[in-house]
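The following exercises are to be worked through with the sequence and the three-dimensional structure at hand. Each task is followed by a solution in steps.

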Amino acid sequence: MSSTHTDGTNTPTAFRELLPSPGGADVDLTAAYAYPEGLDRPWIRANMVASTDGGAVGPSGRSLELSSGPDRRVLGLLRGLCDVVLVGAATARAEGYGPVRARKAWTELRAGRTPTPAVAVVSRSLDLPEKLWKEAPGYARTLVFTTAESPVRRRRAVEEYADVVVVDGESVRPAHVVEALAERGLYRVLTEGGPHLLAEFVGAGLLDELCLTLSPLLLGPGAPRIVAGGPGAREVSAHAPAQSTPVRLAHLLEAQGSLFARYTRD
Ligand SMILES: NC(=O)c1ccc[n+]([C@@H]2O[C@H](COP(=O)([O-])OP(=O)(O)OC[C@H]3O[C@@H](n4cnc5c(N)ncnc54)[C@H](OP(=O)(O)O)[C@@H]3O)[C@@H](O)[C@H]2O)c1
């Protein structure tokens, strides 16, 4: 039997709980992925998908091959739960981002909130898919983070439709993003990467949670990991990491051979 889920799909796939309570079948995903209650600051949750050997980009140059019905289901639910989707410009370009589309199944999930979350994008170049900044609804205008060095003409064009936050210096720091989201009351944050933006949040110690799908395929060498590069880390493979941040496994689920781990900062 098929039913519509809060992710907007009709996929009836059951998610099995492996941890913390092995054996739990047909997990309530909405409860499993609920944001902490009573937030008084932005909670930065990342959702990423990787191959079993740790690759984050498939042969298409996108994450398409890594995803699956159950992964899309989790992605849809996480979007339904959040106030804002935060993304790096390269991901917005590669994946052709537009504003988040409303889903009927989110009515209850988003009661008392806007029908869709806004999208926030970080970019120096402002080379962004036009639909992303032009076509967002008035209640969820796209938020663009850029630097004072971004091309002025492009910035003026984007400013007509989107909320543009311009920071001094050559880089938008994660702290800038968190501060601006806090000012707007956007506390339930979902970052969808990409690996470079995520590396900056990890490096700044500002990632609160990682939802990681491990897909049952091998990509071999060459594919970037879910965190890559970051400021001052061009030769990241030649150096040991600057820090390690302990995380706690909040749950581990399984569906159609994919593993869905949710880690929170310890
Ligand atoms: N496996 C997964 O879950 C997953 C998730 C997301 C993406 N991906 C894949 O990852 C690839 C893209 O990721 P990526 O790591 O290359 O790029 P990214 O992190 O999505 O975006 C990097 C871009 O964001 C902007 N940016 C990042 N930090 C900035 C800062 N501090 N200040 C100002 N602008 C900043 C710059 O944009 P400008 O270039 O515009 O200046 C930069 O080039 C794609 O292939 C995508 O399909 C995979």
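**Exercise 1. Polar contacts of the ligand**

Task: In this predicted model, identify which backbone atom lies 2.7 Å from an oxygen atom of the ligand, and continue with further polar contacts.

Solution.
- Step 1. The atom is a backbone N or O of Gly61, at 2.7 Å from a ligand oxygen.
- Step 2. A ligand nitrogen has a polar side-chain atom of Ser171 at 2.8 Å.
- Step 3. A polar backbone atom of Leu197 lies 2.9 Å from an oxygen atom of the ligand.
- Step 4. The ligand taken alone exposes 930 Å², of which the protein buries 88%.

**Exercise 2. The shell around the ligand**

Task: Describe the shell by residue, by class and by secondary structure element.

Solution.
- Step 1. There are 26 residues around the ligand, and Thr91, Glu95, Ser123, Ser125 and Glu200 come nearest.
- Step 2. Sorted by class, the shell comprises 11 nonpolar, 9 polar and 6 charged residues.
- Step 3. At least two shell residues come from each of β2 (43-51), α3 (89-94) and α7 (195-203).
- Step 4. Helix α3 provides the largest share, 5 residues.

**Exercise 3. The nonpolar cores**

Task: Determine how many residues the largest nonpolar core has, and which elements supply it.

Solution.
- Step 1. The largest nonpolar core has 35 residues; Phe15, Tyr33, Val121 and Val144 have the most contacts inside it.
- Step 2. Elements that each supply at least two residues of this core include α1 (29-32), α2 (69-81), β3 (84-88) and β9 (247-255).
- Step 3. Helix α2 gives the most, with 4 residues.
- Step 4. Leaving aside residues up to four places away in sequence, the contacts of Phe15 include Leu29, Pro70, Val74, Leu253 and Phe260.
- Step 5. A second, separate core of 29 residues includes Val172, Val189, Leu197 and Leu198.
- Step 6. As a general point, nonpolar side chains in soluble globular proteins tend to be buried together.

**Exercise 4. Ser51**

Task: Decide whether Ser51 is buried or exposed, and describe its surroundings.

Solution.
- Step 1. Ser51 belongs to strand β2.
- Step 2. The relative accessibility of Ser51 is 0%, and buried means under 20%; Ser51 therefore counts as buried.
- Step 3. Not counting residues up to four places away in sequence, Ser51 touches Leu66, Leu214, Ser215, Leu217 and Leu219.
- Step 4. The side chains of Ser51 and Asp53 are joined by a polar contact of 2.6 Å.
- Step 5. From C-alpha to C-alpha, Ser51 and Ala250 are 21 Å apart in space, while 199 residues apart in sequence.

Notes
Residues numbered from 1 in each chain as written. Predicted model: local features only at pLDDT ≥ 70, side-chain atom pairs only at ≥ 80, totals over all residues. Heavy atoms only, no water. Near = heavy atom within 4 Å. Polar contact = N/O pair within 3.5 Å; in protein donor to acceptor, adjacent residues only side chain to side chain. Areas by Shrake-Rupley, 256 points an atom, 1.4 Å probe, with all protein chains shown as cover. Nonpolar A, V, L, I, M, F, W, Y, C, P; charged D, E, K, R; others polar. Core = buried A, V, L, I, M, F, W, Y, C linked by side-chain atoms within 4.5 Å. Buried < 20%, exposed > 50% of the residue type's maximum accessible area, 1.4 Å probe, protein only. Contact = heavy atoms within 4.5 Å.
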